[in-house]
Amino acid sequence: MAKQTSTLPQYQYKRKHGFFYNLKKYRVLTLMCVPAIIFFFAFNYMPLPGIYVAFVKYNYRDGIFGSKFVGLKNFEFLMQSGKLLDLTKNTILYNLAFIFLGNIIAMLMAVLLNEIHNKYFKKVSQTLMFLPYFISQVLVGFLVFNLLNYDTGFINGILVKLGMEKWQPYSDKSVWPPILIVVYLWQVTGYNSVVYFASICGIDTSIIEAARVDGANCFQKIRYIVLPSLRSTIVILLLFALGGIVKGNFGLFYNIVGTNPMLYETTDIIETYVYRSTITDFNFSTASAVGLYQSIIGFCIVMASNFAVKKIDPEYALF
């Protein structure tokens, strides 16, 4: 009898703090997450059966599951082309530059914005930084073309007025990696800085005030308080970004570089190559195979990165 009464409170405690209890207790937060849950379920989980397209010779009449199963033959498309290594290298190197330079500059801009005390100037600065993110990449490509065009470009117009020779960027493959990186950073830095700025705003003000009382200047405050507080945010954003390191920014590359074969050596990524190769025959099986290849590599990179972070400091690991 004593044994039954001793286990009853423990049973009630577990039941009280179970899943449905927490769901009811945090129902407002749960409702706020519903749109995100629906989004990820609709666009990330429901399309998962479509992976099967990568292993069949797809045709419209038979559909996905009625098409002929061909195994790994669709993956031979990139293997036999001889460009898989170069395409993967270009895609990863560009994304590494985007990730690390983008996060460093975004963090720097967030720190600088935090040091601005004039609230009107701060709001105007944030608005101007945000604007490029909402510009269509088609329009961005148009702006870049009007800047760099050999005959009527803005830059060549200035060079001619200065008595200098015209610049021919569309025939020089070496100049495009920095151009693409600069354009990307110009477009996304304002948006990426919001996360860091929000993290900075969440720092306990009493710590900053105590540092000021102790005589810490602006640079010491940033070095010893602000930057260490951003460590967890930096690690989480890097881990998420590494998951898509093999997925290139198709809109950026296609709209700026276009189909200029003279620039493919330094600007061709997996997405642009697959698009050019499949646009004529609408080979969805090959495109699905490439997408699966990118997802598997991205998954492996995320797992390896998370494992390394967990070994160094488990507190900052995703899981």
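The lining of the largest pocket divides into 18 nonpolar, 11 polar and 1 charged residues. This pocket belongs to a predicted model. Its volume is about 930 Å³. The mean pLDDT of the chain is 85. Below come the pocket, the confidence, and then five residues in turn.

**The largest pocket**

- The lining of the largest pocket is made up of 30 residues.
- Nearest the centre of the pocket lie F240, A241, G243, G244 and I245.
- Five helices are named as giving two or more residues to this lining: α3 (27-45), α5 (84-114), α9 (176-201), α12 (231-242) and α16 (284-312).
- Helix α9 gives the most, with 6 residues.
- By type, the lining holds 18 nonpolar residues, against 11 polar and 1 charged.

**Confidence in the model**

- Across the chain, 94% of the residues reach a pLDDT of 70 or more.
- Residues 1-15 stand apart from that picture, with pLDDT below 50.
- Beyond near neighbours in sequence, the stretch 1-15 has 1 contact in the model.
- Where pLDDT is low, predicted coordinates should not be read in detail.

**S193, in helix α9**

- S193 sits in helix α9, the helix that gives the most residues to the pocket lining.
- The relative accessibility of S193 is 4%, so this residue counts as buried, the cut-off being under 20%.
- Setting aside neighbours within four places in sequence, S193 is in contact with A106, M109, A110 and M129.

**T286, in helix α16**

- T286 belongs to helix α16, one of the helices that give two or more residues to the pocket lining.
- T286 is buried, with 4% relative accessible area.
- Outside its neighbours within four places in sequence, T286 is in contact with F77 and T278.
- T286 and V53 are 233 residues apart along the chain, yet their C-alpha atoms are separated by 8.5 Å.

**T272, in helix α15**

- T272 is part of helix α15, which covers residues 270-278.
- T272 counts as buried because its relative accessibility is 6%, and buried means under 20%.
- The side chain of T272 makes a polar contact of 2.7 Å with the side chain of D268.
- T272 also touches F250, F253 and Y254, not counting residues up to four places away in sequence.
- Between T272 and G63 the C-alpha separation is 26 Å, and the two are 209 residues apart along the chain.

**N156, in helix α8**

- N156 lies in helix α8, which runs over residues 154-161.
- N156 is buried, at 2% relative accessible area.
- From its side chain, N156 reaches the backbone oxygen of Y150 at 3.3 Å.
- The contacts of N156, leaving aside neighbours within four places in sequence, are L148, N149, Y150, K166 and W167.
- Y150 therefore appears in the contact list as well as in the 3.3 Å approach, since contact means heavy atoms within 4.5 Å.

**Y224, in helix α11**

- Y224 has its place in helix α11, residues 218-229.
- Is Y224 buried or exposed? Y224 counts as exposed because its relative accessibility is 54%, and exposed means over 50%.
- The side chains of Y224 and R223 are joined by a polar contact of 3.4 Å.
- Y224 and A211 are 13 residues apart in sequence, and their C-alpha atoms are 9.4 Å apart in space.

Note on methods: Residues are numbered from 1 along each chain as its sequence is written. This is a predicted model: local features need pLDDT of at least 70, side-chain atom pairs count only at pLDDT 80 or more; totals for chains, interfaces and linings use all residues. Side-chain values use heavy atoms; hydrogens and water are left out. Helices (H or I, at least four residues) and strands (E, at least two) are DSSP runs, numbered from the N terminus. Buried means under 20% relative accessible area, exposed over 50%, partly exposed in between (1.4 Å probe, protein chains only). A polar contact is a pair of N or O atoms within 3.5 Å; within protein, one must be able to donate a hydrogen and the other to accept it, and residues adjacent in sequence count only if both atoms are side-chain atoms. On a 1 Å grid over the protein atoms alone, a cavity is a set of points where a 1.4 Å probe fits but cannot get out, and a pocket is an open set with protein on both sides within 12 Å along at least five of seven lines; lining residues have an atom within 4 Å of a point. Grid points are joined across faces, edges and corners, and a volume is the space filled by probe spheres set on the points. Ala, Val, Leu, Ile, Met, Phe, Trp, Tyr, Cys and Pro count as nonpolar, Asp, Glu, Lys and Arg as charged, and the others, Gly among them, as polar. pLDDT is the predictor's confidence in each residue, from 0 to 100.
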